[in-house]
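Let's take a friendly walk through this structure together. Keep the view at hand as you read.

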Amino acid sequence: SYKIIVANPDGVKAITDKCSKYDIPTSTILIKTDDNRRKIRLQKRGDDIEEIKRRMIADEKDFADAKRYANHKVDNSRISLDLTVNKIKRIIERERK
């Protein structure tokens, strides 16, 4: 059995630290996209421009060393949501073996 949890790097660190105390294996996937694409996606979903600016600045700080905690990376800057999901599914399937 496995759980999928979406978290920022601080959350990932807390979860992996706690799991390691109980010998529970974890695997992390960093989903990366370029800033312009993120901005467009946030605008399309109706986010306020000031909220977008605030979030972009906060995320830059929060995710500065996110690569350090990731076992896998998926860049979805130029691919569809379906392809992103398929890449993540393949990673999970490989991890479960």
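## The largest pocket and its lining

Several elements of this predicted model come together around the largest pocket: α1 (9–21), β1 (29–32), α2 (35–44), α3 (49–62) and α4 (81–96) each supply at least two residues of its lining. Which of them gives the most? That is α4, with six residues.

In volume, the largest pocket comes to about 2000 Å³. Its lining is made up of 48 residues, and those that lie nearest the centre are I5, A7, I29, L30 and I31. Sorted by class, the lining has 27 nonpolar residues, together with nine polar and twelve charged ones.

## How α2 meets α3

Two of the helices that help line the pocket, α2 and α3, are also in contact with each other. In general, a pair of packed helices is described by the angle between their axes and the distance between the axes. Here the axes of α2 and α3 come within 10 Å and cross at roughly 145 degrees, and the crossing is right-handed.

If you would like to pick out the residues involved, look for D35, R38, K39, L42 and Q43 on the α2 side, which meet I49, I52, R55, M56 and D59 of α3. By class, this contact has four nonpolar, one polar and five charged residues.

## T84, a residue of α4

Now turn to α4, the helix in which T84 lies. Is T84 buried or exposed? Its relative accessibility is 4%, and buried means under 20%, so T84 counts as buried.

What does T84 touch, leaving aside its neighbours within four places in sequence? With those set aside, T84 is in contact with V74, N76 and I79.

## K67, a residue of a loop

Next comes K67, which is found in the loop between α3 and β2 (72–75). Its relative accessible area is 55%, and the cut-off for exposed is over 50%, so K67 is exposed.

Leaving aside neighbours within four places in sequence, K67 is in contact with L30 and K73. The first of these contacts leads back to the pocket, since L30 is one of the residues nearest its centre. How far apart are K67 and E50 in space, C-alpha to C-alpha? The two are 17 residues apart in sequence, and the distance between their C-alpha atoms is 27 Å.

Methods. Residues are numbered from 1 along each chain as its sequence is written. This is a predicted model: local features need pLDDT of at least 70, side-chain atom pairs count only at pLDDT 80 or more; totals for chains, interfaces and linings use all residues. Side-chain values use heavy atoms; hydrogens and water are left out. On a 1 Å grid over the protein atoms alone, a cavity is a set of points where a 1.4 Å probe fits but cannot get out, and a pocket is an open set with protein on both sides within 12 Å along at least five of seven lines; lining residues have an atom within 4 Å of a point. Grid points are joined across faces, edges and corners, and a volume is the space filled by probe spheres set on the points. Helices (H or I, at least four residues) and strands (E, at least two) are DSSP runs, numbered from the N terminus. Ala, Val, Leu, Ile, Met, Phe, Trp, Tyr, Cys and Pro count as nonpolar, Asp, Glu, Lys and Arg as charged, and the others, Gly among them, as polar. Buried means under 20% relative accessible area, exposed over 50%, partly exposed in between (1.4 Å probe, protein chains only). Contact means heavy atoms within 4.5 Å. Axes are lines fitted to C-alpha atoms, for helices over the stretch in contact, and angles run from 0 to 180 degrees between N-to-C directions. A crossing is left-handed if the near helix is turned anticlockwise from the far one by less than a right angle, and right-handed if clockwise.
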